Amino acid sequence: MQDYSQIKFVKNQETLDEYFLHTYERKVTTDSIIQLFNKSYEVPSKYMKRYITIKIDPHNLEKAYIYENGKRIETIKPVNKVDNSKIRRKSISYAEMEEKR
């Protein structure tokens, strides 16, 4: 066991799993969305129009992580299109917009 000093032990399973995450860089759209593996992920609006580093397990696409300076700072999930379609939004009056010009 001459190389025993080279062995690096991890603290727990979560730390080990983190080593095997795949890393991607994506630009966040103005809708606060990124695309990974043909899925849309909702990102906090503070990252809008910025490039961010994403780490994800390609075998489990139900959550991904935003990393900054090598540290995990946010967990993101795929957009649920059914729930998103039921959100009440304020209607836009284009007539009022014309009057304000």
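**Getting to know the sheet, a loop and a pocket**

Q: How many bridges join strand β1 to β4?
A: Welcome to this model, which is predicted. Strand β1 covers residues 22-27, and β1 and β4 run antiparallel. The number of bridges joining them is 6.

Q: Which residue of β4 stands opposite His22?
A: Strand β4 spans residues 51-57, and bridges join β1 to this strand. Across from His22, the residue in β4 is Ile56.

Q: Which residues of strand β4 point to one face and are buried?
A: In a regular strand, side chains alternate between the two faces of the sheet. Strand β4 shows such an alternation: Tyr51, Thr53, Lys55 and Asp57 point to one face and are not buried. Pointing to the other face, and buried, are Ile52, Ile54 and Ile56.

Q: How many residues lie between β4 and β5 in their hairpin?
A: β4 and β5 run antiparallel, with 4 bridges joining them. Lys55 stands opposite Tyr65 in β5, and Thr53 stands opposite Tyr67. The two strands form a hairpin, and the number of residues between them is 2.

Q: Which strands are the edge strands of the open sheet?
A: The sheet has 4 strands in the order β1-β4-β5-β6, with antiparallel pairing. An edge strand here pairs on one side only, and that holds for β1 and β6. From one strand to the next, the twist averages 40°. The edge strands, then, are β1 and β6.

Q: Is Ser32 buried or exposed?
A: Ser32 lies in the loop between β1 and β2. Leaving aside neighbours within four places in sequence, Ser32 is in contact with Tyr41, Glu42, Val43, Pro44, Ser45 and Met48. Its relative accessible area is 8%, and because the cut-off is under 20%, Ser32 counts as buried.

Q: Which elements each supply at least two residues of the lining of the largest pocket?
A: The largest pocket has a volume of about 230 Å³. Its lining includes Glu14, Asp17 and Glu18, along with Asn60, Lys63 and Tyr65. The elements that each supply at least two lining residues are α1 (13-19) and β5 (60-68).

Q: How many charged residues does the lining of the largest pocket have?
A: Among the lining residues are Asp57, Lys63 and Arg72, and also Phe20 and Leu21. By class, 3 are nonpolar and 1 is polar. The count of charged residues is 6.

Key
Residues numbered from 1 in each chain as written. Predicted model: local features only at pLDDT ≥ 70, side-chain atom pairs only at ≥ 80, totals over all residues. Heavy atoms only, no water. 1 Å grid on protein atoms, 1.4 Å probe; cavity = no way out; pocket = protein on both sides within 12 Å on 5 of 7 lines; lining within 4 Å. Points joined across faces, edges and corners; volume = space filled by probe spheres on them. Nonpolar A, V, L, I, M, F, W, Y, C, P; charged D, E, K, R; others polar. Buried < 20%, exposed > 50% of the residue type's maximum accessible area, 1.4 Å probe, protein only. Pairing = 2+ DSSP bridges. Contact = heavy atoms within 4.5 Å. Axes fitted to C-alpha atoms, helices over the stretch in contact; angles between N-to-C directions.
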